[in-house]
Structures are given as structure tokens and as C-alpha cells.
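Trainee: I would like to go through this structure with you before I set up any calculations. Where should we begin?

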Amino acid sequence: MQKNTTNGVSTGADGAFTLPGVKNGDVLQVSFIGYVAQEVVWKGTPLEIVMVEDAQIMDEVVVVGYGVQKKTNVTGAVSMVDSKAFASRPVQNVSQALQGQIPGLTMSIGNSGGTLDSEMSISIRGAGTIGSGSSGSPLVLIDGIEGNMNTVNPNDIESVSVLKDAASASIYGARAAFGVILITTKGGKSDKVRVNYTGNVRFSDAIQIPEMVDSYTFASYWNVANSNDGNGAIFNEEALNRIKTYMSGGYTDPTKDEYYGVKANMGSNKYDAYGNAFANTDWFDTFYKNWVPSQEHNLSLSGGTDKVTYYVSGNFLGQNGLIAFGEDNFDRYTMTGKISAKLAKWATMNYTTKWTREDYSRPTYMTGLFFHNIARRWPTNPVYDPNGHLFPEMETIQLQDGGKERNQKDYYTNQMQFVFEPVKDWHITLDGSLRHMTRANHWEVLPIYGYYVDNTPYLLSWNGGAAGYSEVSEQRWSEDYFSTNIMTDYAKEINGHYFKVLVGFNGELYKNDYLRGFGEDLITPDVPELSITQKNFKASNSKSELALAGFFGRINYNYKERYMAEINVRYDGSSRFVGDKQWGTFPSFSLGWNIAREEFMADYTDLVGMLKLRGSWGQLGNNTINSYYPFYQTQSTGALSSGWLIGGEKLNTAGLPGIVSDVLTWETVESWDVGFDFAMFKNRFTGAFSYYQRSTYDMVGPAPTLPSILGTSAPAVNNCDMRSYGWELELAWRDKIGKDFTYGARFTLSDNQQKILRYPNKTGSLSQYYAGAMRGEIWGYTTAGIAQTQEEMDNHLQNNRPNWGSGWGAGDIMYKNLVDRYDENGEVIDEGVVNNGSNTLMDHGDLRVIGNSTPRYNFGLMLDAQWKGLDFSIFFQGVMKRDYWLSGPYFWGADGGMWQSCAFKEHLDYWSPDNRDAYYPKAYFNNGGKNKQTQTRYLQDASYIRLKNFQIGYTLPKKWTSKAGMESVRIYLSCDNMWTGTSLSSIFDPELLGGDWGPGKLYPTQRTISLGANINF
């Protein structure tokens, strides 16, 4: 093809071609799948062009521990994605963009849900610990320094490597026991000055919001549930008629209270609510806004010479939340500067500076309790009273007028590195890093007001306490992080034998500081500052430090890139431990064999470019137990806090210190991995497979039970073991049809399970872990169905009598009696009774394992295509297998009493004589617990597939953009979370099954539509 034109042609089968319209000196671009693209200047004579096979797959550089390696020579379990994974995605942070991209890397949403400041939890190859006394998160390194990936501007990322096995991660030591995520950001290149602008406007809407029933249906459902408990109707005929009249538009006079769905209670001078109100409000629709606009802008500048290169970027993200009363907003600012200078032929200096600010504000009342209460607000309650004020006790006033919480975080990072090469292939690297983090939190509770019927205000309770209450809290955190790396490496190749040796030292220090001030009773809510509170002043602070140090070494060997070996050793120390427990040695090794480089494969290189078998084994130490100082006895103290008076004053107090363990030590994480990587059909088809097993020995578990006469709690000790095992698959295809159409597909799939090997549970109680338990297993009863008549239930109870509940009848659950228990004399002790026995592994009665909540078969599927200037991509992510037990009012509807219950459209499919084929049993407010035992009938299939991203773009022709001085312009439409397929109850989002107050009671995730442009100058 003639460069910068559309003048092109395809060669014949023999490679010959004729291209008319080419002038002497024009540049021709020659490309073919599987070969390196070339540019050739035509000098007026026939051309003979020899294409070079594209060894990109084999020569692709992968970022690994303290360096890079050619992908073909990597013997550990390493996966990598480049900047395309983040391109044009309307995500708020890096973790959202990585979800589903790398097999074995799991991103999941926690109990904060989709709040604007939420961060996804991250794991590599499943949970590393049981979490009772230690944690097991991956180590995240950003340009070699530990950090939070969500503080990184996604547009700055060049690549992300994930080190998944001990052999690849062990070089990082103490905090790398459960994998490492290496984020490499973009840098300058020896080229002309390049300016890039990327920006978008996005619109977000809540997904998977429950649908509340209308007021009349709600009232009818409430009456049924109360009647089934043996009580009378909550809504009488008069109340039902008022609701019907309101819903049909029968109240037409806006000067009357009835027009607004309420009646005035002249005795209290307030408007009646709940059972005496008759409006028709969908509170979910009321509390959440639709299609909220946000924006993001990114500008970068890069370039350099052969002596100095630079990269500078700035980013702004302004994300608006969904809350309709008050506001929740998140703003992020990032600035990055990188410079690399060649001081001499043998010396290079690299300097990086980064700044990130996150500002997050929300109504103070927007806590887990608020999300718990949304569905508890009856639809009969109005949003506004007849005087136009927000109706009291619906939490709208608390959100709008009850105060704001503001969080501000600043991250300042500076990195300096010197690389010396005194002789060829011998490098000495010295680098130091400093990160300073500050966080400020302001929390205010302000007085709120309702209005009487006569339109005069009165003070309301903010959260059930005293009306008119106010408070202010100010908190400050700071963390200084210092790291030093000193290392040297030498590489040498002798007759096809390649050796590389690396040795080094790593030291890290964390210093944390915390300060809090608190006061109540503001002089005026117009200035909600700590300095104008009037009573109950409190102040507290804390300081802590953590130090880590490690010596490490690595030897790499390969013979003609055919046989490969790597040996690592790390000697780590942690300030969390003392004495002979403070230091530990952790080795690893890996082997590889690239069969495709064998001589007998020489005739098949077009078919098989790489076929590498690999295996690894290694040990790592985990020191992330829950305390920085587990070896210190801590004693609680209080200033003027005694419960008695002497001389009319309270005294200072002190409590007895707890005891500590002198044997607490490292958790040992041992893993092995086998797998293979391949590239076929001239590298168009590539893939990798791994099977692994990771065992965490001597996990910190629950403290042993000691006699109460001890007078204090026992310390945690290393008394648990767990094994994680699974496999990973990654496949990719990329090809070209004709000269203009290219396409690709990439599929990832992984599975992971954890088994408890040791746990201090002598009785085998099912209420806690036990040896042999699978993590996430669900024990429950077997369901026979819903009884359709009293006779059917009576017949069933003759041999299947639950030892709980009473008044069993039509519409109730029929549980199966699976086994009868016998005493030591062989006598039946509970014939025909359904129960859980002693709730132990040896005596669990009719309980059995009915499912497992561990997400299995996590997958991602990416499809993309390009044709001339058009490009298209679609990305699906999901989980193929997961069981889940849902409980609480969101699932059951009528549950836990009238004031805890809710009514969604799904809850209407309950059993009645007129609806015998119902999903739910008979509705009860208080007597329904008997039907809600964990059981097979209502065990949920929480697997899902979600359209994570759909994107279509168009790159304008260069003949247009060059006239405006622009190198390229791409405009695009990008959409996230637009569709979900699942068998889960439609009330719930399969990614949001947590909640501080029960499943589903949390801030929703969002679907997002983004319009943007990418402009290069």
C-alpha cells in the first residue's frame, strides 16, 4: 500500500504484485499476517522484498520480578495484558477494567457495593487464607513501588503483568505469597513530541433495582401475611378504597390533603403515615436518579532524544452518583511526570513523580442502614407533604439536610533510579522510592426538621436518638512509605548457553499516624466545624510502624531457548515477629522445555511456532497477620472514665492486658504449577494452560479455648492449613481477511477451590470450619415441595416431621427426612424427624452439602474487528457455576415482622388456594421462619454472563486530520454493563450479593454509556 493513501493491492499466490500510481520516492507499506510489516522507498526500479517472520509472540517482552523476560523464556505462571484492556473504557478505576481480563485474577465487589469510592477486592487463584487472623491479598507494584492500583490513571498504563505462582512471585518475598500484580506505566520514547488528548462524557444508570409493588397490591399482601399469622387486616376496606381512589386519580383538588395521599391528624398536628397514608411511591425510583452525567479528560505529552526521554500526563475524572436527595460525587486528579536521562554510555538516571487526589463526598446518612431501610418504606407514604416539604421519617430529609461526609486522599510518590553498566551486560541498579499519603475525613450530623400540618417546623430525630442532635468528627491519617532496592545482574551467552544471575536487597518501611477529634451540639449548623461544638469533646490518636527487609537471588538459564531453568531464593525479615521467628528462607524453582525449538520440529515451524512445557515449585512466607505488634501486650486505658466517683470526680482507668504468643510465626505458602504455552499457525493461534496447587500451612487461626479462670482472652496461634487448587486456560486468535479487515478473539477460563486441611474444631461443629471442609460449602435440608392441601401435609409429617415450627399446613414447605438417628444401643431416637442432629460432621441429621458459594469457572470473552477506519469490540465476563443461599426480606418479602418486611413484584408469586403453582410458600410476617431454613428448593444459581463492554469507533482518514495538524482522531461509543444473563432471582445483581444489613441491601452498580474522542498530535 502507498503510505498515507488508499492506493493498495494484494499480492498473488507467488507474492508478485503491481501497484500503479506510485511516483519515484514514494513509500510503500508491506504487511502480511505472521510477518513483520515493512516500509520500502520505491526508487523507480522493480522491488524484491523479503518478509521476515513475525516473532512477536516469541519475542514479546513480559514484565517479571525485577526485570523483563522474553515470553518464550518465561517458566513461571505469568499473564499479561497491555493498554488495550483499558482503552476507552468508561470505568472509574483500574480494577474495574481488569475484571475478567486475566485467568486466575478475580475482582469482586464488596459490601460497599457500587459506591463511588468503593474498591473491588482482588485475589489471585482464590482466597489465600481463611481470614480469621491474617489476610492474603496480592502485592500490587506500580512501576516497582507498592501501591493502590486504583490511584493510577488508566490512560497511563502500558501493561499489567500478573505473577501467579511461587516461582514467578517469590523474588518479591514477604508480601508476594498470594501473587503479584505488576503495573508498568507509559514512558517517553526517542521520537518527536507527541501530544495525546482522550476525553469522554458518560451517562450512568442503576442496574438490577428491585421493583416495588404498587400501594394497593402492597396493602393486600400485607393483609395476607398478617392474616396467615392469625391476626387481623392491617388495611381495612376504607383504607384500601382510599388507596384505589388515589391510584386512579380520584383526588383532583390540589388544595386538599387527599390529593397528596395523606390525612391530617389534628390531634398531633402531623400527617399520618404508613397504614393511614394512601399515596403510591416507588422508593427505589425515588431515591435513585437516572442516567447521571459524568466526565473524564486526559492529556499527555511525550518525546525525547537518544539522550533524554520524557512523559508528562494529567487526568481528571468527575463522577456523579445516583442519590437523588443530597449528592454523592467523586473527583480524581492525577499528574505523572517521568524522565530518563543517559548520563553517560554506562549510566542512566530514571525519575518519576506522581500525584493523585481523590475527593469523595456523600450525605452522612448514606450508610448501610439507609440501604437497609429503602424497602422498609411503605409505598403508601408520599415523598412530599401537602405544604411541599419532604415527608418526615422517610430518610429523604436526613440525606438532603442532615449533613455531608467528605473524604480527601492525596498520594505523593517520588522514585529515583540509577542504572550503571560498567561492563557489557553487567548492570548495577540503585533505586529509592518515597510515597506520602494523607487522608482527611469530615463527618457532620446536622439538625433536621419536619413540618406540622400548619406549616411550622419541628425538630426530627436523625437516627432514632434525640431530636435536634448534631455532631462533628474530624479524622486525619497519614502514611509514609519508604523503599530501597539495591541489585546487580550479569548475563552471558556461551555457545547457545545463556546465563543470568541477579542478587539484591530490598527494604521497606511504613510509618502511620492517626488523629481524631469529636464534639457534639453545634452552635450553628451553618458552620459545621469541630471548633464550634459545645460538649462531649473527645480526642484520640495512634502511631504504628512496620519494617520489612529481604535479600534475594535468581539464576536464569536456557539453552538455545529450548531448555530453560530458573532458581530463586529469598531471605525475608519482618518486624511483626521476634527472635528466631523474625527471619525466614523461601526458595523456588521452575523448568521449561520449548519443544518447538527442537531440531525434529524444524519442518513444522509454520504450524507450531512455540510449544513450551513448564513446571514450578516454590515456598513463600506470609507475614500479613492482623496486628503490627502481636508480640506486645496491650493495655487499655481511659481518661476520667471510671464508673464511680471519688471526691466527686471520675478517675482514670486501666484494663488488664491480654497475653501474647511467643511462637507466632510466618505462614508458609507452598505451591506447584504445571502447564504449557503454545503459538500455532504462524502465531495466529496462541494459548496457555496451567494446573496448580497452593497450600497455606500454619495459618493464623482462632485462639484456643482456655479456662475462664485465666481472666483474659487467649492469643491467636498458627493452627490452620488450607489448600487451593484449580486450573487456567487462555486462548487467542488473530487474523486478517483481505487487506482491510482484521479480527481477533480472546477467551479466558479459570477454576479454583479451597479445602481446609487443618482447623481447631475437635467436635466437628458445622458452625465453623473443619478439616476436610470445602470453603464456601452450603449445608441445608432437602425439600419435597410445597404442600397443596392439609391432608398432603399431614401425610408427609407422619415420616417427615421437622423439629421446628408449628401449625404446618397447605402452602408450607415439606422437608425430607433423609436419615433416622440411633443411640449407642442401636435404638432409633428420632424416627421420622427432620433435624440437624448435633450439627456436627459426625452427626448432622438430615443436613447435607447442597451447594457451594465459591465462584467457579470464571471466564472472559473478547471479540474485536477492524475494517478501514472502523473498529468494533465486545467483551463478556461471568461465572459459569456458583450456588448461593439468599436470606432476609429482599428475598422472602414478608420476613422478620411487619416492619422489617418488603414487597417486590417477585414476592407476589406466593402460595394461595388461587396460586398453587407458586414459587414462594405461604406468606407470613412472623411464623414463616419454619419455611425459610436453608434448603434445596430456594438454593440460587448465581452464575451469570454480563456484557461488560461494547465499543464501536471510527478513526478519521489522515487526509482529513493532517490538514488540522492532527496525526489521528478516533471517536467512539463505549458502553459498560449493558446486559446480564442469569438464573438468579431477578431482585439481585449477581455481582452484588453482599450487604452490611443483608443480601442486596447496598449501593447499586451502574450501566454506563460513554461518548469520547482520542486525538493525537
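Mentor: Let us begin with a definition: a salt bridge is a side-chain nitrogen of Lys or Arg within 4 Å of a carboxyl oxygen of Asp or Glu. Please keep in mind that this is a predicted model. Asp843 and Arg821 meet in such a salt bridge, at 2.8 Å from N to O.

Trainee: Where in the chain do Asp843 and Arg821 sit?

Mentor: Asp843 is in the loop between β41 (833-834) and β42 (848-852), and Arg821 is in the loop between β40 (813-815) and β41. The pair links distant parts of the chain, 22 residues apart.

Trainee: Which residues are joined into one network by salt bridges that share partners?

Mentor: That network contains Arg125, Lys164, Lys612, Arg614, Asp673, Asp677 and Glu728.

Trainee: And how many salt bridges does the structure hold?

Mentor: It holds 44 salt bridges. One of them is formed by Glu508 and Arg175, whose closest N and O atoms are 2.1 Å apart.

Trainee: Which parts does the pair of Glu508 and Arg175 tie together?

Mentor: Glu508 lies in strand β24, while Arg175 lies in the loop between α3 (166-169) and β11 (180-185), so the pair ties together parts that are 333 residues apart in sequence.

Trainee: Is Glu508 buried or exposed? And what about Arg175?

Mentor: Glu508 is buried because its relative accessible area is 8%, under the 20% limit. Arg175 is buried as well, with a value of 15%.

Trainee: What does Lys192 form a salt bridge with?

Mentor: Its partner is Glu967, and the closest N and O atoms are 3.4 Å apart. Lys192 is in the loop between β11 and β12, and Glu967 is in the loop between α11 (958-961) and β48, so this pair ties together parts that are 775 residues apart in sequence. Lys192 counts as partly exposed at 47% relative accessibility, and Glu967 counts as partly exposed at 29%.

Trainee: Changing topic to internal space: how many cavities of 30 Å³ or more does the structure hold?

Mentor: There are seven cavities of 30 Å³ or more. The largest cavity contains about 390 Å³ of space. It is lined by 27 residues, and those closest to its centre are Gln92, Gln96, Asn977, Thr1005 and Gln1006.

Trainee: Which elements give two or more residues to that lining?

Mentor: They are β12 (194-206), β47 (944-955), β48 (968-982) and β49 (1006-1016).

Trainee: How do the lining residues of the largest cavity divide into nonpolar, polar and charged?

Mentor: Five are nonpolar, 15 are polar and seven are charged.

Trainee: What volume does the second largest cavity have?

Mentor: Its volume is about 150 Å³. Of its 17 lining residues, Gln208, Pro210, Gly1000, Leu1002 and Pro1004 are the closest to its centre. Its lining divides into 13 nonpolar, two polar and two charged residues.

Trainee: Now the outside. Which residues make the nonpolar surface patch of about 510 Å²?

Mentor: The patch is made by Val501, Val503, Ile555, Ile567, Phe589 and Leu591. Strands β24 (497-522) and β27 (583-594) each supply at least two of its residues.

Trainee: Where does Ile555 lie?

Mentor: Ile555 is in strand β25, which covers residues 533-559. Ile555 counts as partly exposed because its relative accessibility is 43%, and the partly exposed class runs from 20% to 50%.

Trainee: On to the backbone: what is the phi of Asn455?

Mentor: Asn455 has a positive phi of about 70 degrees, although it is not a glycine. Asn455 lies in the loop between β21 (448-451) and β22 (457-460), and is partly exposed with a relative accessible area of 38%.

Trainee: And what is the phi of Asp698?

Mentor: The phi of Asp698 is near 60 degrees, again a positive value in a residue other than glycine. Asp698 lies in strand β34, residues 685-700, and counts as partly exposed at 30% relative accessibility.

Trainee: Last one: where does Leu939 lie?

Mentor: Leu939 lies in the loop between α10 (889-892) and β46 (940-941). Leu939 is buried, with a relative accessible area of 19%. The C-alpha atoms of Leu939 and Tyr884 are separated by 6.1 Å, and these residues are 55 apart along the chain.

Definitions and conventions:
Residues are numbered from 1 along each chain as its sequence is written. This is a predicted model: local features need pLDDT of at least 70, side-chain atom pairs count only at pLDDT 80 or more; totals for chains, interfaces and linings use all residues. Side-chain values use heavy atoms; hydrogens and water are left out. Patches are made of residues with over 30% relative accessible area and no salt bridge: like charges are joined within 9 Å, nonpolar side chains (Val, Leu, Ile, Met, Phe, Trp, Tyr) within 5 Å. Accessible areas come from the Shrake-Rupley method with a 1.4 Å probe; for residues, only the protein chains shown count as cover. Helices (H or I, at least four residues) and strands (E, at least two) are DSSP runs, numbered from the N terminus. Buried means under 20% relative accessible area, exposed over 50%, partly exposed in between (1.4 Å probe, protein chains only). On a 1 Å grid over the protein atoms alone, a cavity is a set of points where a 1.4 Å probe fits but cannot get out, and a pocket is an open set with protein on both sides within 12 Å along at least five of seven lines; lining residues have an atom within 4 Å of a point. Grid points are joined across faces, edges and corners, and a volume is the space filled by probe spheres set on the points. Ala, Val, Leu, Ile, Met, Phe, Trp, Tyr, Cys and Pro count as nonpolar, Asp, Glu, Lys and Arg as charged, and the others, Gly among them, as polar.
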